[in-house]
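This report introduces a protein chain to a reader who has not met it before. Please look over the sequence and the structure first, and then read on.

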Amino acid sequence: MLEPSLPIWMMDTMNSPKWERGVAFLPASISYLIGTNIFGPLGHRIGRWLAAMIGLIVIGICLMCIPLATNITHLIAPNAGLGFAIGMVDSSMMPELGYLVDIRHAAVYGSVYAIGDVAFCLGFAIGPAMSGTLVQTIGFEWMLVGVALINFAYAPLLFMIRAPPTKEEQRNLILGDKSSVRYVNYKNDEDEE
């Protein structure tokens, strides 16, 4: 939603020339590359769900900061933060989808990665198509605030994938099967006196 509407907003509010409208996305692109390379391995260490949740929160904060900019230099930090955070989410969620397939289903990854790619492509198809209407209806600032609020609302839902039950655990919970773990109680001989 930001890609088609930000240059128009920059023309209207900052009277920015063409080169500034093009350069506005450079910090996001560079920091995206940095974010994906850092949070691939780091997301595995701290938890991919946590890296994605922090990324969604940072995306929301950066989106709310963009309308506060009055010139091109004010857009550098929010766009860089936005690119970095999107890299966090991207590099954390695709491996997490693969992990969920591993623990819950047969290890066939093609369909789950296809679902992730389709969602990504739908976002790039529907977002720009909707942004023109939304900017006209509610304005650029409120569109970004709305997308930020959606990010803030979705972030806590990632707690659900913190420790997802495996296929066996879920079957035991549903069917009420007894656990294969046996507990042994020990008595101390001194306690009997």
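Which residues make the nonpolar surface patch of about 560 Å²? The patch is made by Trp19, Val23, Leu26, Ile30, Ile34 and Ile38. The elements that give two or more residues to the nonpolar patch are α2 (18–23) and α3 (26–46), and the largest share, 4 residues, comes from α3. A patch here is made of residues with over 30% relative accessible area and no salt bridge, where like charges are joined within 9 Å and nonpolar side chains (Val, Leu, Ile, Met, Phe, Trp, Tyr) within 5 Å; a salt bridge is a side-chain nitrogen of Lys or Arg within 4 Å of a carboxyl oxygen of Asp or Glu. Accessible areas come from the Shrake-Rupley method with a 1.4 Å probe, and for residues only the protein chains shown count as cover.

The model is predicted, so local features need pLDDT of at least 70 and side-chain atom pairs count only at pLDDT 80 or more, while totals for chains, interfaces and linings use all residues. Residues are numbered from 1 along each chain as its sequence is written, and side-chain values use heavy atoms, with hydrogens and water left out.

As for the chain as a whole, there are 8 helices and 0 strands, where helices (H or I, at least four residues) and strands (E, at least two) are DSSP runs numbered from the N terminus. Of the 193 residues of the chain, 34% count as buried, and the chain exposes about 12,300 Å², of which carbon and sulfur atoms supply 66%. Among the contacts in the chain with a separation of 6 or more, 75% are accounted for by residues 24 or more positions apart, a contact being heavy atoms within 4.5 Å.

Three residues can be set side by side, with buried meaning under 20% relative accessible area, exposed over 50%, and partly exposed in between (1.4 Å probe, protein chains only).

| Residue | Helix | Relative accessible area |
|---|---|---|
| Ile34 | α3 | 42%, partly exposed |
| Asn79 | α5 (residues 76–104) | 1%, buried |
| Leu50 | α4 (residues 48–65) | 25%, partly exposed |

What does Asn79 contact, leaving aside its neighbours within four places in sequence? With those neighbours set aside, Asn79 is in contact with Leu2, Leu6, Ala24, Pro27, Ala28, Ser31 and Ile66. For Leu50, the C-alpha atom is separated by 9.6 Å from that of Val89, and the two residues are 39 residues apart along the chain.
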